Amino acid sequence: MTTGRGTTPGTGSATGARPTAPPAPRPARARPADRRAPGRAAPWVRLPGAGPRPADGGSTTAHDLTVRHRLLLALSALLALSLFVSYQGVHGDANPLRTSTAPAVLSLDTALYALGQAERDAGAPAPTSDFQKQISVAAQSLSAAAADDDVGGPAGRQALQTIAGLITVYAVKVQKSQLQPDGSLMREAYRSYATSILTEKGTGIQDRLKALQRQQRAAVHRQTSFGPLLWLAWSVTLLLALALCAALLETQLFLRRRFRRRYNRQLLAALVLSAAGVATAVLFTVWTQRGMADTRQLLDSPLPGRLIPVAGRDTALYLAHTGFRASAAVWIPIGGVLLMALAETGLRRHIDDYRFRPR
């Protein structure tokens, strides 16, 4: 059978028949709310362990939840660790300064002043009660300083024992000189020997005490200094706190946009806890460091005898409550665990729900 003119092969229709219309284009498929347009992901969403990012056009909600979950846990742990190290760097020295170093400096000042007064009374023609009282004050001050095991270490304790022995010898020689007739050679010999025990350069009681004083004042400077390492530690801590607060706010906005949830109570509680905890730690640190700096300034030079009791009261006032503030460091790891728990509970339900959602 031949094909007639005007016919189209394979159509079976005659010439002039109405051609078949092409199929209508399919309507564009609506993009679900949990799918993103193709594009390059932000660098911070590619965290290790978060799994591969879905292909362009695929759902990214599960991946984004996992990334934010891991980021919040990591920042919470790092903030707690950094805050604990920074806080202890300041408050760890406050209690030793209050209980041992500062009292030892004042005890040595008292001993030196009392020995100076005793030397003045040693020239009396007869033994006096004032001399014995000053020797007793010096001995008691040395005993108070020796009660602190940190005074110069083993060498410092040995030096205090030597000084205590020399004070006893000094007192005996002075008393013997006062028992001798006025103007006798024996009186002058005993008096000269006693004075050399007290004032001999390098080996005398006063020079030994001054050497211990310098060591203790150096310890005060070490304990009260806020050096470059502490500045670095606190800078890192504040940056981590800002990063965690920003991540919590961004995650809250993400949940609100994706799941139409206005507020996530756990994330908001974590935000309040982190901000309040860091602010409290900073405030406690400022108070403690200010008191330590005032103590260092007060003890930086030898004090006259009448000002030593005043300095003791002022030191106690400057360093008041430092023990309580130092003990607050135990709450930092607890707060870090609580932050991680809030971040976990705030996102876990969404992660579990979306993990089993049909695709």
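These are my notes on three helix pairs and one pocket in a predicted model.

**Ground rules.** I count residues from 1 along each chain as its sequence is written, and side-chain values use heavy atoms, with hydrogens and water left out. Since I am in a predicted model, local features need pLDDT of at least 70 and side-chain atom pairs count only at pLDDT 80 or more, while totals for chains, interfaces and linings use all residues.

**Helix 4 and helix 5.** I began with helix 4 (residues 153-179) and helix 5 (residues 185-199), both DSSP runs (H or I, at least four residues, numbered from the N terminus). Their axes lie 8 Å apart, at an angle of about 160 degrees. Axes here are lines fitted to C-alpha atoms over the stretch in contact, with angles from 0 to 180 degrees between N-to-C directions. That angle makes the two helices roughly antiparallel (over 145 degrees). Helix 4 passes helix 5 in a left-handed crossing (the near helix is turned anticlockwise from the far one by less than a right angle). I then looked up who touches whom, contact being heavy atoms within 4.5 Å. Helix 4 brings residues including Leu166, Tyr170 and Lys173, and helix 5 brings Arg187, Tyr190 and Ile197 among them. By class I get 9 nonpolar, 3 polar and 4 charged residues. Nonpolar covers Ala, Val, Leu, Ile, Met, Phe, Trp, Tyr, Cys and Pro; charged covers Asp, Glu, Lys and Arg; the others, Gly among them, are polar.

**Helix 4 and helix 6.** Next I took helix 6 (residues 205-224), which packs on helix 4 at about 155 degrees with the axes 10 Å apart. This pair is roughly antiparallel too, and the crossing is left-handed. Ile205, Arg208, Leu209 and Leu212 of helix 6 meet helix 4 residues including Gly156, Leu160 and Ile163. The class count is 9 nonpolar, 2 polar and 1 charged.

**Helix 7 and helix 8.** The axes of helix 7 (residues 228-259) and helix 8 come within 9 Å and cross at roughly 165 degrees. I note this pair as roughly antiparallel and its crossing as left-handed. Trp234, Leu238 and Cys245 are among the helix 7 residues in the contact, and Leu267, Ser274 and Val278 among those of helix 8. I find 15 nonpolar, 4 polar and no charged residues there.

**Largest pocket.** Last, I checked the largest pocket, which holds about 400 Å³ of space. Of its 20 lining residues, Leu83, Gly277, Trp331, Ile332 and Gly335 are the closest to the centre. Helix 1 (61-91), helix 8 (265-299) and helix 11 (331-355) each give two or more residues to the lining. By class, I have 14 nonpolar, 6 polar and no charged residues in the lining. A pocket is an open set of points on a 1 Å grid over the protein atoms alone, where a 1.4 Å probe fits, with protein on both sides within 12 Å along at least five of seven lines; lining residues have an atom within 4 Å of a point. The volume is the space filled by probe spheres set on the points, which are joined across faces, edges and corners.

Note on methods:
Parallel < 35°, antiparallel > 145°, perpendicular 65-115°, else oblique.
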